[in-house]
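Look at the sequence and the model side by side. The report below walks through the strands, the helices, one threonine and the cysteines.

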Amino acid sequence: MNFMETVRGSLLEGFYPAGWDMDRIDRCCSHPPDSIGERQSFWHEQFLPAACDDVAELDVRMGHEIAMQIRACKSEGRKAAFIFPVGPMGMYKWAVYFLKEWQVDCSHVYGFNMDEWSDEAGRTLPSDNPGSFQFAMEQSFYGPLGAYTIPEEQRHFATAETLPTYAEKIAALKAEGAKLITIFGIGRMMHIAFWEPHFAAEYNSEADWRTATHRLGAQLHPLTIEQNAITSFKSRTTLVSCRANTIGPGLFLQSDYIIGGCDGALGRGMQWQGLSLWTTLRYGPDRWLPSTYMPTLPGRLFYLRELAGPLGPELN
């Protein structure tokens with residue numbers, strides 16, 4: 001007995017996005033752990049998943065990768081446009097460490113935060129609210145960089161006023177030769193940023209879906225809200241907004257390089273991200289599962305080795 005055999009008539013019937021093939025998702029998760037890195041036909045030839053033994057290693061390696069991209073663009077005399085997440089976060093302190101050790105000035109970097117909590121109209125939290133993504137970025141990355149930091153006028157946050165300008169600004173930077181680098185995590189619902197899977201129902205084709213650059217006041221899936229209650233709000237669901245402003249595939253699929261991180265282990269053998277990781281790597285590109293497009297881009301996806309499983313019963 002399993003989900004597929006018992007969902008009919010249950011409270012979860014119709015809860016997951018209409019385009020999800022649960023049998024196919026389950027098959028993605030059924031492989032032995034040591035096969036997770038086996039190259040798939042839809043992966044970009046320069047896409048590489050990279051296993052890490054613990055969160056400390058993942059944070060260092062992601063931070064190093066971010067710093068390397070910034071330094072490389074500096075050496076090439078090239079601007080760097082970064083789409084930044086708030087989650088994962090541990091890599092930022094290491095990016096700061098390496099950039100300051102190498103004395104790399106970030107005046108050539110342009111930052112675009114990929115999302116932000118909002119209300120239905122796209123109004124966001126004040127920037128000094130501890131729950132806001134802008135506050136998190138200022139505290140973890142922009143501030144600690146000190147004299148090497150990204151100029152304030154080159155930092156962009158996903159407010160109702162600024163998010164709609166991202167596409168034009170990024171296009172202008174790319175026209176000048178800038179490299180677009182997206183840093184990301186993978187949501188429980190296989191979202192990238194807060195671009196949720198159920199949005200797919202609103203587009204007539206994949207081509208239309210791929211052109212969407214952003215959304216204000218986006219409706220979040222209940223499991224996205226619960227994921228964030230666990231990871232960012234100490235389990236307190238009542239503090240989590242049910243909506244957010246977010247970039248869309250029309251921006252993150254333009255990336256020249258990606259740096260991903262999956263650190264969703266909870267301790268005592270518990271985790272929330274194994275299914276999302278395996279599905280991302282094995283399902284193949286499908287607009288009902290946005291993260292499945294990321295392996296089609298060049299870059300690295302760092303993940304905790306324990307997320308590879310085996311994804312089977314273990315009562316905690």
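## Strands and their partners

Strand β4 pairs with strand β8 (residues 243-247) in the antiparallel sense, over four bridges. Two strands count as paired if DSSP finds at least two bridges between them. Helices (H or I, at least four residues) and strands (E, at least two) are DSSP runs, numbered from the N terminus. In this pairing, Glu116 stands opposite Asn245 in β8. This is a predicted model, in which local features need pLDDT of at least 70 and side-chain atom pairs count only at pLDDT 80 or more, while totals for chains, interfaces and linings use all residues. Residues are numbered from 1 along each chain as its sequence is written, and side-chain values use heavy atoms, with hydrogens and water left out.

Strand β4 spans residues 115-118 and is covered on both faces. Asp115 and Trp117 are buried on one side, Glu116 and Ser118 on the other. Buried means under 20% relative accessible area, exposed over 50%, and partly exposed in between (1.4 Å probe, protein chains only).

Strands of a sheet pair through backbone hydrogen bonds, either parallel or antiparallel. Seven strands here form an open sheet with parallel pairing, in the order β1-β12-β9-β6-β2-β3-β5. Strands β1 and β5 (155-156) stand at the edges, each with a single partner strand, so one side of each has no neighbour in the sheet.

Strand β12 has β1 and β9 as parallel partners. The β1 pairing runs over six bridges, and the β9 pairing over five. β12 is mostly covered, with five of its six residues buried. Which residues stand opposite those of β12? The table lists three.

| Residue | Opposite residue in β12 |
|---|---|
| Cys52 | Leu304 |
| Gly260 | Leu301 |
| Ile259 | Arg300 |

## Two helices

Now turn to helix α10. Eight of its nine residues are buried, so α10 is largely enclosed by the rest of the structure. Those buried in α10 are Gly274, Ser276, Leu277, Trp278, Thr279, Thr280, Leu281 and Arg282. Their cover includes α2 (22-28), β1 (47-52), β9 (257-262), β11 (270-271) and β12. Just after α10 comes Gly284, with a positive phi of about 95°.

Helix α4 covers residues 91-101. Its buried residues are Met91, Tyr92, Ala95, Val96, Phe98 and Leu99. They pack against α3 (55-75), β2 (80-84), α5 (133-142) and β6 (179-184). Gln103 follows α4 and has a positive phi, near 55°.

How do α4 and α5 meet, and at what angle? They pack at about 40°, with their axes 8 Å apart. Axes are lines fitted to C-alpha atoms, for helices over the stretch in contact, and angles run from 0 to 180 degrees between N-to-C directions. From α4, the contact uses Tyr92, Lys93, Ala95 and Val96; from α5, it uses Met137, Ser140 and Phe141. Contact means heavy atoms within 4.5 Å. By class, this contact has five nonpolar, one polar and one charged residues. Here Ala, Val, Leu, Ile, Met, Phe, Trp, Tyr, Cys and Pro count as nonpolar, Asp, Glu, Lys and Arg as charged, and the others, Gly among them, as polar.

## A threonine in a loop

Thr292 lies in the loop between α10 (274-282) and β12 (299-304). Is Thr292 buried or exposed? Thr292 is buried, because its relative accessible area is 0%.

Its side chain has backbone oxygens beside a polar atom. The oxygen of Leu289 lies 2.6 Å from such an atom, and that of Gly284 lies 3.4 Å away. A polar contact is a pair of N or O atoms within 3.5 Å; within protein, one must be able to donate a hydrogen and the other to accept it, and residues adjacent in sequence count only if both atoms are side-chain atoms.

Leaving aside neighbours within four places in sequence, Thr292 is in contact with Phe42, Thr279, Thr280, Tyr283, Gly284, Pro285 and Asp286.

## Cysteines without bonds

How many disulfides does the whole structure hold? A search finds zero. A disulfide is a pair of cysteine sulfur atoms within 2.5 Å.

Why is Cys28 not bonded? The closest cysteine sulfur, in Cys29, is 6.3 Å from that of Cys28, too far for a bond. Cys28 counts as buried, at 5% relative accessibility. For Cys73, the closest cysteine sulfur is in Cys106, 11 Å away, so the gap is too far for a bond. Cys73 is buried as well, at 2% relative accessibility.
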